[in-house]
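Reader: Could you walk me through a structure, feature by feature? I would like the general idea and then the case at hand.

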Amino acid sequence: MLVQTNEGVTKTMPEGKRALRSAFKRIEQEVPEGVGSAMRWLRHPSSRWVRIPAGIFLIIGGIFSILPFLGLWMLPLGLMLIAADIPFLRKPMARFAIASVNLWSRLRARWRRK
């Protein structure tokens with residue numbers, strides 16, 4: 001995939017980054033608009049200083065999932081945020097996210113039929 005930078009230079013996007021980007025876009029289609037816009041803002045390169053601490057806190061919250069508000073849902077979300085900045089996590093997290101969204105879509109369709 002070719003991407004144009006601010007300087008007008010065209011370069012290719014690495015496969016892992018492209019996969020993670022499509023996973024984020026797929027998730028943004030499934031969540032409410034406010035959550036989707038927050039995800040878009042967090043993905044932006046200038047949000048790195050918010051994205052990394054938020055990812056770390058979500059991972060820690062996922063580890064302590066026995067507490068009432070904290071849960072396992074926080075762990076994959078934190079890993080996805082961190083994966084935006086750590087190249088070797090991009091592909092596995094993208095595959096996990098797309099598989100999770102596909103599973104959620106199938107379950108939701110099954111529930112609606114009943």
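Reader: Let's start with α4: which of its residues are buried?

Author: Happy to, and please keep in mind that this is a predicted model. As a general idea, nonpolar side chains in soluble globular proteins tend to be buried together. In α4, the buried residues are Met74, Gly78, Met80, Leu81, Ile82 and Ala83.

Reader: What covers the buried residues of α4?

Author: The cover includes α1, α2 (33-43), α3 and α5. Leu81 is a good case to look at, as it sits in helix α4. Leu81 counts as buried because its relative accessibility is 6%, and the cut-off for that word is under 20%.

Reader: Which residues does Leu81 touch, leaving out those up to four places away in sequence?

Author: With that exclusion, Leu81 touches Phe24, Leu42, Arg51, Ala54, Gly55 and Leu58. For a backbone view, try Val50: its C-alpha atom is 9.9 Å from that of Leu81, with the two positions 31 residues apart along the chain.

Reader: Now the largest nonpolar core: which residues touch the most other members?

Author: Those are Leu20, Ile27 and Met80, in a core of 15 residues. Two or more residues each come from α1 (15-30), α4 (74-83) and α5 (87-113). The largest share is that of α5, with five residues. To see Met80 in its surroundings, again leave out residues up to four places away in sequence: Met80 then touches Leu20, Ala23, Phe24, Ile27, Met93 and Ala97.

Reader: How many aromatic pairs does the structure hold?

Author: One. In general, such a pair is described by the distance of the ring centres and the angle of the planes. Here Trp104 and Trp111 are edge-to-face, at 5.7 Å centre to centre and 75 degrees between the planes.

Reader: Are Trp104 and Trp111 buried or exposed?

Author: Trp104 counts as partly exposed because its relative accessibility is 41%. Trp111, at 52%, counts as exposed, since that word applies over 50%.

Reader: And at the surface, which residues make the nonpolar patch of about 770 Å²?

Author: That patch is made by Ile56, Phe57, Ile60, Ile63, Phe64, Ile66 and Leu67. A helpful idea here is that an α-helix has 3.6 residues a turn, so residues three or four places apart point the same way. Ile60 lies in helix α3 (residues 48-63). With a relative accessible area of 38%, Ile60 is partly exposed, and patch members need over 30%.

Definitions and conventions. Residues numbered from 1 in each chain as written. Predicted model: local features only at pLDDT ≥ 70, side-chain atom pairs only at ≥ 80, totals over all residues. Heavy atoms only, no water. Patch = residues over 30% accessible without salt bridge, like charges linked within 9 Å, V, L, I, M, F, W, Y side chains within 5 Å. Areas by Shrake-Rupley, 256 points an atom, 1.4 Å probe, with all protein chains shown as cover. Salt bridge = Lys/Arg side-chain N within 4 Å of Asp/Glu carboxyl O. Helix = DSSP H or I, 4+ residues; strand = E, 2+ residues; numbered from the N terminus. Buried < 20%, exposed > 50% of the residue type's maximum accessible area, 1.4 Å probe, protein only. Core = buried A, V, L, I, M, F, W, Y, C linked by side-chain atoms within 4.5 Å. Contact = heavy atoms within 4.5 Å. Phe/Tyr/Trp six-rings, centres within 6.5 Å; stacked < 30°, edge-to-face > 60°.
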